[in-house]
Amino acid sequence: MAVDLLLGLQWGDEGKGKIVDVLTQQYDIIARFQGGPNAGHTLEFNGIKHVLHTIPSGIFHPKAINIIGNGVVIDPIILKKEMEALAPFQINLKERLLVSRKAHLILPTHRLLDAASETAKGKAKIGSTLKGIGPTYMDKTGRNGIRVGDIEMPDFEQKYRALSDKHQAMIGFYGVEIQYNLSELEREFFQAIESLKQLTFIDSEEYLYQAQKSGKKILAEGAQGSLLDIDFGTYPFVTSSNTTAAGACTGLGIAPNQIKEVFGIFKAYTTRVGSGPFPTELFDEDGETMGRVGREFGATTGRKRRCGWLDLVALKYAVRVNGVTQLMMIKADVLSGFDRLKICIAYRYKGKEINYFPYSIEAENVTPIYTEMKGWAQDLTQISDAENLPEELKQYIAFLEKELEVPIRIVSVGPDRKQTILR
């Protein structure tokens, strides 16, 4: 059985958690393939809002197995808090949440290194979530990392101490003051390790191979967004993992020819958290309205998101890089009430008009070129049938489908799982 893949096409925060939750009833296994607790996947149903950082978004469905894949980096402390938050819902995590032995662990000193590095950069900081993600991936590629499987080995604490001591020496190199009590951080860390031991560890690539052979339906869940990819994003203002479709292969051990559908999620407008270029960013009342109506605050950091018009140049780029087969548009309801909507269809790049995503989209190099469409005033949040959508929104969708050459199969008109229109 082939594997379907779901990922974000912008700078994260596209609504992946909600859509995974909606789709999970069609799948036997939901598998996270990259990133760490810098992700914040928000789900709303039955009047309750849930934010997941490491645990896959299918955890609330009683028949779905959820896997934290080898490409994910895990902070045991944050995972423990997530597990505790799920306790009232009577979820059997031992059976329903499986962890790859090859997933890397975020140590307390990884977070300290992250803070020291970001502080030392001053105004040049990249907008890190300070969760220790970057330093953990650096240790992974530098072949110094500690993995979940090491917890089962007799020399785990010796490995931990050697790496932690190395990190403490490195913190001093940044020449900045970082206040911390390592003894307290380590006490919390090792308590969380004991909680992690209560879960089931698996050799995930073998598990998924056997699941495919037995006909199980698998959905790979990405974190962050394609424009934050370490290779194809707006470097250096990116995350430390491959957020694109290729990351699902390395992050789960799935062969490229086993991927079937690629679901790409995007907002009806564009947002970004933290630093980095953003050609269509708005600094006026329209941008303020998007942020207020869309409740645009980071699920992980709480930081206010920057808002702007939909950038079709960037979106086309993400669609092509990922091989997207179906699109899902989120937060169409936020655009209700705008008289005119702008869509960026090209860039003026160093004085020349282009319609592709260039090496640099910094403001000094890029100016967006817009087309305009008529907006709609109707409240969408109570609509449940695509036929009842305003004509202006139907035209907006038709224009995007024509430009992107991929069908938009889902339109979300609110945060609740029920506010999802299938086309």
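Helices in this account are DSSP runs of at least four residues, numbered from the N terminus, and the model in which they are described is a predicted one. T109 has its place in helix 4, which covers residues 108-121. With a relative accessible area of 0%, T109 is buried, because buried means under 20% relative accessible area. When neighbours within four places in sequence are left aside, the residues in contact with T109 are S164, H167, Q168 and L182. With H167 there is also a polar contact, in which the side chains of T109 and H167 are joined at 2.8 Å.

T109 also takes part in the packing of helix 4 on another helix. Helix 4 and helix 7, the latter made of residues 182-196, pack with their axes 9 Å apart and at an angle of about 130°; the two helices are therefore oblique to each other. On the side of helix 4 the contact is made by P108, T109, R111 and L112, and on the side of helix 7 by L182, L185 and F189. Sorted by character, the residues of this contact between helix 4 and helix 7 comprise five nonpolar, one polar and one charged.

Helix 4 is likewise a packing partner of helix 5. The buried residues of helix 5 are I133, G134, P135, T136, Y137 and D139, and these buried residues pack against strand 6 (73-74), strand 8 (104-105), helix 4 and helix 6 (156-171). K140 is found in helix 5 as well, within residues 133-141, but K140 counts as partly exposed, at 30% relative accessibility. Apart from neighbours within four places in sequence, K140 is in contact with N70, G71, H104 and G145. Just after helix 5 comes R143, which takes a positive phi of about 65° although R143 is not a glycine. R143 lies in the loop between helix 5 and helix 6 and counts as exposed, at 76% relative accessibility.

K140 is also one of the positions named in a record, since an unreviewed UniProt entry lists D13, H41 and K140 under "active site". These listed residues span 128 residues in sequence, and the farthest two of their C-alpha atoms are 25.7 Å apart, so they do not all gather at one spot in the model. D13 is found in the loop between strand 1 (3-8) and helix 1 (16-23), where D13 is partly exposed, with a relative accessible area of 25%. Its contacts, again without the neighbours within four places in sequence, are with K267, T271, V273 and R305.

Further backbone features are found in other loops. Q90, in the loop between helix 2 (76-86) and helix 3 (93-96), has a phi near 55°, a positive value in a residue other than glycine. At 70% relative accessibility, Q90 counts as exposed. In the loop between strand 10 and helix 9 is the place of P236, and a cis peptide bond, with omega of about 5°, joins Y235 and P236. F237 lies in the loop between strand 10 (218-221) and helix 9 (245-252) and counts as buried, at 17% relative accessibility. Although F237 and S128 are 109 residues apart in sequence, their C-alpha atoms are 8.7 Å apart in space.

Methods: Residues numbered from 1 in each chain as written. Predicted model: local features only at pLDDT ≥ 70, side-chain atom pairs only at ≥ 80, totals over all residues. Heavy atoms only, no water. Buried < 20%, exposed > 50% of the residue type's maximum accessible area, 1.4 Å probe, protein only. Polar contact = N/O pair within 3.5 Å; in protein donor to acceptor, adjacent residues only side chain to side chain. Contact = heavy atoms within 4.5 Å. UniProt positions renumbered as here; feature names shortened; annotations may be inferred. Axes fitted to C-alpha atoms, helices over the stretch in contact; angles between N-to-C directions. Parallel < 35°, antiparallel > 145°, perpendicular 65-115°, else oblique. Nonpolar A, V, L, I, M, F, W, Y, C, P; charged D, E, K, R; others polar.
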